[in-house]
Amino acid sequence: MGDSPVNWNKRLLGAALAAFLGLGSTGFAQDSPTGPKKYFSRKTSFRIPVRIDEQERDSLKELRLFVRTPDGDWVCKDHAGVTQTAFSFHADRDGEYCFCIVTVDKTGKAAPEDPSREEPGLIVVVDTQTPEIDVRPLTVASGQVYLQCRMLDANPDYSSVKIEYQTLDGAWKAMEGLANTPGVVLVPNPSVLDSKVRVHAADKAGNVVEREIDLKLVKTPSSPAGPRAKLPEPGAETAPLPPAPPSAPAVTMPAPLKIIGPSSSTSEKAALLNDSITPAPVMVNATRCRIDFDVDAAPKGIAQVEVWITADNGRSWQMGGVSQDGKSPALAEFPGDGKYGYMFRVKPVRGLCPPPPKSGDSADGWIDVDTTKPVAELLSAGVDEEKDPGQLVITWVAKDANLGAQPISIYYATQPTGPWLLIAERIANTGSHRWEVPKGVGTEVLVRLEVTDKAGNLARCETPSPVQVAAPRPKVRVLNVAPAKD
């Protein structure tokens, strides 16, 4: 055929690349790395088009789709005849997926023979998680104040960040961004720091988050005396941790973000380097948690690491947990649901101990405890007889203080014992969903609604009886009966 296996694979995926370029509105976005093109998707299912020249098709016997999953090797996921125009793929979890189309000619020879030795023809990063965001003020040496947005996400897109403040007449006005430093905006006047701001951000896959933040509740972190417990830096090697007890979910806080713009002055760079942003609250669905940490070494060793907690933004503190040997992890107990700040207190083996936190001290980080399940109710499920008899319309009500952007999943089964099959996964809480009923499902199904909040609390409800999914038989009315004449 005259092409190398790499070129041949790229030609087969050419249509797929073009198709992805036109799918930005459905959750795909193009990245620009060196090497194979990379795309980001908030959808777990998509189609990969295939285009083959008719002249080359005559020499082929079969097409095979090879996939490399986020933590696996290259595997043949599907195969088809040469008339196939597209492969369908479903990702079972978030991560980076590499694709390669292998052709088999009529003599049985595969090209490329070993996909692991070739560049992927296509890379798709599946990301279904909504970003977490937080905002903190930054003051540089000149006295100018900025606001910096921190995104906790695997694939953040800081160019999407927009921060607005509310004017005296109640209107929202966009804040000016810092040149060459996405996510950092100029504070127009000091009164903004005593008001609320509205933040809009998205990741590269198109998952969008919007949040209002009261800046009056935001404080700059302070450093306690003595050795300071800190969270591991990104990429740092740490010793294996013991498994957490079942009742104590692990909470690992990321390192603070430091932003330096290429156009920043020397004094601004120095100020920004010394400034950090406290991560947004980590959400957990248990009052007993395990906090993994790293700690600076003390000359005489560390006897104990205490975790102090506050439920009133630093006005009062109480002991929440401890690591008796001074090693990670520490177990912390929280009184109940709510937002808690925490601070580490490190006790050395010898020497002076730092004092306990006092009123007004700022927290090292924040944890949001939410053990309450969402409120969920299936309102109705029925065939749309008027507009489209082939669609089942499902309506519901779901409420929770910590619902994410896509908390809803819907399933169906043909019998109460299951199996339960997916109708829609991780969709927005719009209150209704239309399902195109596949052929062969039958005439009746049971419908299940699942609502999951940001902390992982799950609420589930089902239709009490089967729902008819086949359009009702049209009624026939007898108007008259009479002898038939020849």
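Leaving aside its neighbours within four places in sequence, with which residues is Ser195 in contact? In this predicted model, the contacts of Ser195 outside that window are Ile213, Asp214, Leu215 and Lys216. The protein chain that holds this site has 486 residues, of which 44% are buried, and its secondary structure consists of 4 helices and 34 strands. The points below cover confidence, the overall chain, two antiparallel sheets and some backbone features.

**Confidence**
- The protein chain has a mean pLDDT of 77, with 78% of its residues at 70 or more.
- The pLDDT falls below 50 over residues 220-247, a stretch that has 49 contacts in the model beyond near neighbours in sequence.
- Residues 251-278 likewise have a pLDDT below 50, and this stretch has 73 contacts beyond near neighbours in sequence.

**Overall chain**
- Of the contacts in the protein chain with a separation of 6 or more, 65% are between residues 24 or more positions apart.
- The exposed surface of the protein chain is about 25,900 Å², and carbon and sulfur atoms contribute 50% of this area.

**The four-stranded sheet**
- An open sheet of 4 strands runs in the order β13-β12-β15-β16, with antiparallel pairing.
- The edge positions are held by β13 (172-174) and β16 (208-214); each has a single partner strand, so one side of each lacks a neighbour in the sheet.
- On average, neighbouring strands of this sheet are turned by 25° against each other, direction ignored.
- Strand β12 (residues 156-166) pairs with strand β15 (residues 196-203) in the antiparallel sense over 6 bridges, and Asp203 in β15 is the bridge partner of Pro156.
- The antiparallel pairing of β15 with β16 extends over 7 bridges, and Val199 stands opposite Arg211 in β16.
- A hairpin is formed by β15 and β16 with 4 residues between them, and Gly206 in its turn has a positive phi of about 95°.

**The Ser195 site**
- Ser195 belongs to the loop between β14 (184-186) and β15.
- A polar atom of the Ser195 side chain lies 2.8 Å from the backbone oxygen of Val192.

**The three-stranded sheet**
- A further open sheet comprises 3 strands in the order β10-β11-β14, and its pairing is antiparallel.
- Here β10 (132-139) and β14 stand at the edges with a single partner strand each, so one side of each is without a neighbour in the sheet.
- The average turn between neighbouring strands of this sheet is 25°, direction ignored.
- Strand β11 (residues 145-152) pairs with β10 in the antiparallel sense over 8 bridges, and within β11 the bridge partner of Asp134 is Arg150.

**Backbone features**
- Most residues other than glycine have a negative phi, and most peptide bonds are trans.
- The peptide bond that joins Ala111 and Pro112 is cis, with omega about -5°; Pro112 is placed in the loop between β8 (110-111) and β9 (122-126).
- A cis peptide bond also runs from Gly418 to Pro419, with omega near 5°, and Pro419 lies in the loop between β29 (403-413) and β30 (421-427).
- Asn313 has a positive phi near 60° and lies in the loop between β22 (302-310) and β23 (318-323); at 23% relative accessibility, Asn313 counts as partly exposed.
- Arg426 has a positive phi near 50° and lies in strand β30; its relative accessible area of 35% makes Arg426 partly exposed.

Notes:
Residues are numbered from 1 along each chain as its sequence is written. This is a predicted model: local features need pLDDT of at least 70, side-chain atom pairs count only at pLDDT 80 or more; totals for chains, interfaces and linings use all residues. Side-chain values use heavy atoms; hydrogens and water are left out. Helices (H or I, at least four residues) and strands (E, at least two) are DSSP runs, numbered from the N terminus. Buried means under 20% relative accessible area, exposed over 50%, partly exposed in between (1.4 Å probe, protein chains only). Contact means heavy atoms within 4.5 Å. Accessible areas come from the Shrake-Rupley method with a 1.4 Å probe; for residues, only the protein chains shown count as cover. Two strands pair if DSSP finds at least two bridges between them. Axes are lines fitted to C-alpha atoms, for helices over the stretch in contact, and angles run from 0 to 180 degrees between N-to-C directions. pLDDT is the predictor's confidence in each residue, from 0 to 100. A polar contact is a pair of N or O atoms within 3.5 Å; within protein, one must be able to donate a hydrogen and the other to accept it, and residues adjacent in sequence count only if both atoms are side-chain atoms.
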